[in-house]
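Ready for a few short exercises on reading a protein model? Grab a pencil, have a look at what follows, and try each task before you read its solution.

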Amino acid sequence: MYTHLQLRDSARPPVTLSTLHKMREDGEPIACLTCYDASFAALLDEADVDVVLVGDSLGMVIQGHDTTVPVTVDNVIYHCKAVSRGLHRPFLVADLPFMSYPSREQALTNSVRLMQEGGARMIKLESGAEQIRIVEFLASHDIAVCAHLGLKPQSVHKTGGFRVQGREQDAATKMIQNARDLQAAGADIVLLECIPAELGKAITQALEVPVIGIGAGGDTNGQILVLYDILDITTGRKPRFVKDFMAGAGTPLAAIKAYVKDVKARGYPAAEHNF
Ligand code: KIV
């Protein structure tokens, strides 16, 4: 069982949204990773990862698809249940997959499933101006929400591929406004994927909620990477922001600990990982 809040008086209290806000205020970088099963979840817990995401990247790294589009709510719940069995301290977030939130009602129904069946504490959805009403609706039902901006993998067939977003001034200005609007709508965390480091910094400075980046530069309040990328398990071409922490580590646990240490010390990302 994911004991999380039951352990709040223990020597290793669980990470909550308040913890993440405090870390942002104190300038302590938030170390986040994706995870898909109980064994790795136990290692992430032991390595003191703060936030664990059951991402729809599972469609690519677990199921072998070339995009996240085929992933279903049932798939995310299956992996979320497994991950939650391995966790005690980290804050567990789960992705709403492709087309599981076309309306406010469907977003609410599927978020409730991820929380009640999967054990997630927060849901994440790929967001833009079109999702503001959905975020507002979920927040009004006291669901903790992470809004995902920048590269949105669920939209790759529409946008033309996995590309850096927000390079042009217009797009950057729009993304800053979207982030502000999503925060005002009730988003508790904003995640930025694959954008120029300068834009990552501008959005982080414009917001009061914690901002987590993946390929968004070193000035966000935290970093997230796909677990299999840092363990060098992923095959094929790797994005520029990926760092192999398995090199020289010896064991997966040592590699995960090295990632957490590097994020906390602001050693990762380095200039070579930024756009
Ligand atoms: O699905 C996922 O793993 C994600 C991360 C890339 C942030 O959304």
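**Exercise 1.** Find how far a polar side-chain atom of Asp95 lies from an oxygen atom of the ligand.

*Solution.* Start with Asp95: one of its polar side-chain atoms lies 3.1 Å from a ligand oxygen atom. That fits the cut-off for a polar contact, a pair of N or O atoms within 3.5 Å. Next, try Asp56, where the distance from a polar side-chain atom to a ligand oxygen atom is 3.0 Å. Then go to Lys124, where it is 2.7 Å. Now for the cover: on its own the ligand exposes 260 Å², and the protein buries 95% of that (areas by the Shrake-Rupley method, 1.4 Å probe).

Before you go on, note that this is a predicted model, in which local features need pLDDT of at least 70 and side-chain atom pairs count only at pLDDT 80 or more, while totals for chains, interfaces and linings use all residues. Residues are numbered from 1 along each chain as its sequence is written, and side-chain values use heavy atoms, with hydrogens and water left out.

**Exercise 2.** Sort the shell around the ligand by class.

*Solution.* First list the residues around the ligand (a heavy atom within 4 Å): among them are Thr34, Gly55, His148, Leu191 and Glu193. Then sort the shell, which gives 3 nonpolar, 4 polar and 4 charged residues. Watch out for Gly, which counts as polar here.

**Exercise 3.** Decide whether Ser127 is buried or exposed, and find its contacts.

*Solution.* Locate Ser127 in the loop between strand 4 (122-126) and helix 6 (132-140); these are DSSP runs, with at least four residues for a helix (H or I) and at least two for a strand (E). Its relative accessible area is 0%, so Ser127 is buried (buried is under 20%, exposed over 50%, partly exposed in between; 1.4 Å probe, protein chains only). Leaving aside neighbours within four places in sequence, Ser127 is in contact (heavy atoms within 4.5 Å) with Ala147, His148, Leu149, Lys152 and Leu182. Finally, a polar atom of the Ser127 side chain lies 2.7 Å from the backbone oxygen of Leu125.

**Exercise 4.** Why does Met99 count as exposed?

*Solution.* Find Met99 in the loop between strand 3 (91-95) and helix 5 (104-116). Met99 counts as exposed because its relative accessibility is 55%. Last, check a distance: Met99 and Val69 are 30 residues apart in sequence, and 8.6 Å apart in space, C-alpha to C-alpha.

How values were computed
A polar contact is a pair of N or O atoms within 3.5 Å; within protein, one must be able to donate a hydrogen and the other to accept it, and residues adjacent in sequence count only if both atoms are side-chain atoms.
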